[in-house]
Amino acid sequence: DEEIIKEFAKYVPSEPVVLYRHVAGKGSGDTGQQLRAWTRSAEYADSLLAMHEEKGKVIKKRFYPNEILVDTTLLPTEFEEAQVSGQQEVIVAYGALLKTMQEIRDNSFKPKPPLVESKESAPKEESEETAKYHQE
């Protein structure tokens, strides 16, 4: 939803971040899902690995702000229930959702072009005070 993407844009880090994810078996972590939970905490990812009896691994990857839907560590305190203790969860977008999210954010944050008056609506004579700003 476009409104959710715009709202969550406030809770995205301003710099690239290194994140961790537990992956079961010999997988790459590519599940085909368009949203995936990662963690800022290597220790938390390691604890998931230790909890699972199957073989797995912890993967580490750098993500840029434009790939992140929301970083729960940046949410305001009224959203504490979303910040499960120790998880330091970051939701990363993939595939078509990633492209849509980037387009929405790009359009939301582009500066609005300055208003340009047509020649017909522009004043015919300028005062000396305003004329100095239009000189080339």
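Biologist: Is Lys10 buried or exposed in this predicted model?
Modeller: The cut-off for exposed is over 50% relative accessible area. Lys10 has 55% relative accessibility. Therefore Lys10 counts as exposed.

Biologist: Which residue meets the side chain of Lys10 in a salt bridge?
Modeller: Side chains of opposite charge can pair when their charged atoms come close. Here the N to O distance is 2.8 Å. The partner is partly exposed, with a relative accessible area of 38%. The side chain that meets Lys10 belongs to Glu7.

Biologist: How many residues apart are Lys6 and Glu2?
Modeller: Their side chains meet in a salt bridge, 3.1 Å from N to O. Lys6 is partly exposed at 32% relative accessible area, and Glu2 is partly exposed at 42%. Both lie in helix α1, residues 2-8. About one turn of the helix separates them, and the spacing in residues is four.

Biologist: Which residue forms a salt bridge with Arg40?
Modeller: The closest N and O atoms are 2.6 Å apart. Arg40 lies in the loop between β2 and α2 (42-51) and its partner in strand β4, so the pair ties together parts that are 31 residues apart in sequence. Arg40 is partly exposed at 29% relative accessibility, whereas the partner is buried with a relative accessible area of 0%. That partner is Asp71.

Biologist: How many salt bridges does the count come to?
Modeller: Lys6 with Glu2 is one of them. Glu7 with Lys10 is another. Asp71 also forms one, with Arg40. The count comes to three.

Biologist: What is the angle between the planes of Trp38 and Phe63?
Modeller: The structure holds one aromatic pair. Trp38 and Phe63 form this pair, 4.8 Å from centre to centre. Planes over 60 degrees apart count as edge-to-face. This pair is edge-to-face, with an angle of 70 degrees.

Biologist: Which strand holds Phe63?
Modeller: The aromatic pair links distant parts of the chain, 25 residues apart. Trp38 is in strand β2, residues 35-39. Phe63 is in residues 56-63, strand β3.

Biologist: Which element gives the most to the largest nonpolar core?
Modeller: That core has eleven residues, including Trp38, Ile59, Phe63 and Tyr94. The elements that give two or more residues are β1 (17-24), β3 and β5 (89-93). With three residues, the one that gives the most is β1.

Biologist: Which ring does the charged end of Arg36 sit over?
Modeller: The charged end is 3.5 Å from the ring centre. The residue that carries this ring belongs to the largest nonpolar core. Phe63 is also in contact with that residue. The ring is that of Tyr94.

Biologist: What is the phi of Gln88, about how many degrees?
Modeller: Most residues other than glycine have a negative phi. Gln88 is not a glycine, yet its phi is positive. Gln88 has its place in the loop between β4 (68-71) and β5. Its phi is about 50 degrees.

Biologist: What is the relative accessibility of Gln88?
Modeller: Partly exposed lies between the cut-offs of 20% and 50%. Gln88 counts as partly exposed because its relative accessibility is 35%.

Note on methods: Residues numbered from 1 in each chain as written. Predicted model: local features only at pLDDT ≥ 70, side-chain atom pairs only at ≥ 80, totals over all residues. Heavy atoms only, no water. Phe/Tyr/Trp six-rings, centres within 6.5 Å; stacked < 30°, edge-to-face > 60°. Lys NZ or Arg CZ within 6 Å of the ring centre and 35° of its normal. Core = buried A, V, L, I, M, F, W, Y, C linked by side-chain atoms within 4.5 Å. Buried < 20%, exposed > 50% of the residue type's maximum accessible area, 1.4 Å probe, protein only. Contact = heavy atoms within 4.5 Å. Salt bridge = Lys/Arg side-chain N within 4 Å of Asp/Glu carboxyl O. Lists of a residue's contacts leave out its neighbours within four places in sequence.
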